[in-house]
Amino acid sequence: MTAAASANGSTARSAPASGTASGTASGADKGIGPLLRGWREQRRVSQLELALRAGSSARHISFIETGRSRPSEEMVLRLAEHLDVPVRERNSLLLAAGYAPHYPETPLDDPALDALREGVERLIQGYEPYPAFVVDATYNVVAANRGIAMLLDGLPEHLLAPPLNAMRLTLHPEGLAPRIRNLREWRGHLLAQMERDIALRRSEPLRALYEEVAGYPHPSLQEHSSAESDGEPVEQVPQFALPMRIEHDGLVLSFISSISTFNTPMDVTVAELAIETLLPADPATVKYLHSLMS
């Protein structure tokens, strides 16, 4: 689980990740050429292939990358779309080309996002008793339901101080990590997920977080296995995805994680939000969670 929460399930203002490997300011100083070439090479797309996708020519793409030609604002957005550049970095490309940012970055507590914020809160509260939460681009938790608060019960106060970070809380040796029975597999899954995000966003804050959590010591990695729990055999159930098996109140609960994002976001903040829901992976977990509601 990338799991963390505020105990009351309230929404807090997020601090979206910023910066890329090159940085917005330095990118603007050098022009759009190096930034565009960097994204194209990272996506492993040739100049010709990008030109065909964007309805341009390889010659024009080459001229843009070498600084011999300045693309129109429309062309910058079209190239960014075909390279699957994140919304935040599309603004960086526009700035580097001499244009104003196209996508606003609205604080999550801004009245303009009231409807979205309230809708997301209703969604995760409606998912109870199952755990659900919302994170920003660096896995800071901006909303969570009571199911998450249940899993965090008993963690030390210094880990629960805001801003709560889902990766830090899950993998910290004083956090949820000692409770996760298949920590080796789940830790590998989370680190691989962060690696994919870093490759997509080229975010320095996200890379710093990765280096921090990947360096946490975990003696329990040698002690826990995904097949046993305190010497007792684990009930065999069909597994359609990697479960997280976590101890809680003397029981071992099992969850499958699902992550949702917004389609075609037009705001940087909204583009970087992700809703994670934890689906019970076995009948015993379902029974236990529903018993908490009775």
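## Strands and core: worked exercises

Strand 7 (residues 274-280) is mostly tucked away, with six of its seven residues buried (under 20% relative accessible area, 1.4 Å probe, protein chains only). The model is predicted, with local features needing pLDDT of at least 70, side-chain atom pairs 80 or more, and totals for chains, interfaces and linings using all residues. Numbering starts from 1 along each chain as its sequence is written, and side-chain values use heavy atoms, without hydrogens or water.

**Exercise 1.** Find which strands pair with strand 7, and how many bridges join each pair.

*Solution.* Strands here are DSSP E runs of at least two residues, numbered from the N terminus, and a pair needs at least two DSSP bridges.
- Step 1: strand 1 (residues 132-135) runs antiparallel to strand 7, with four bridges; A132 is partnered with T277.
- Step 2: strand 6 (residues 251-260) is also antiparallel to strand 7, through six bridges; F255 is partnered with P280.

**Exercise 2.** Work out the bridge partners of F133 in strand 7 and in strand 2.

*Solution.*
- Step 1: in strand 7, take E276.
- Step 2: in strand 2, take A144. Strands 1 and 2 (residues 141-144 for the latter) pair antiparallel over three bridges.
- Step 3: check the hairpin, where five residues separate the strands and Y139 has a positive phi near 65°.

**Exercise 3.** List what I246 contacts, leaving aside neighbours within four places in sequence.

*Solution.*
- Step 1: apply the contact cut-off, heavy atoms within 4.5 Å.
- Step 2: read off L151, L176, R179, I180, L251, V252, L253 and F255.

Key:
Buried < 20%, exposed > 50% of the residue type's maximum accessible area, 1.4 Å probe, protein only.
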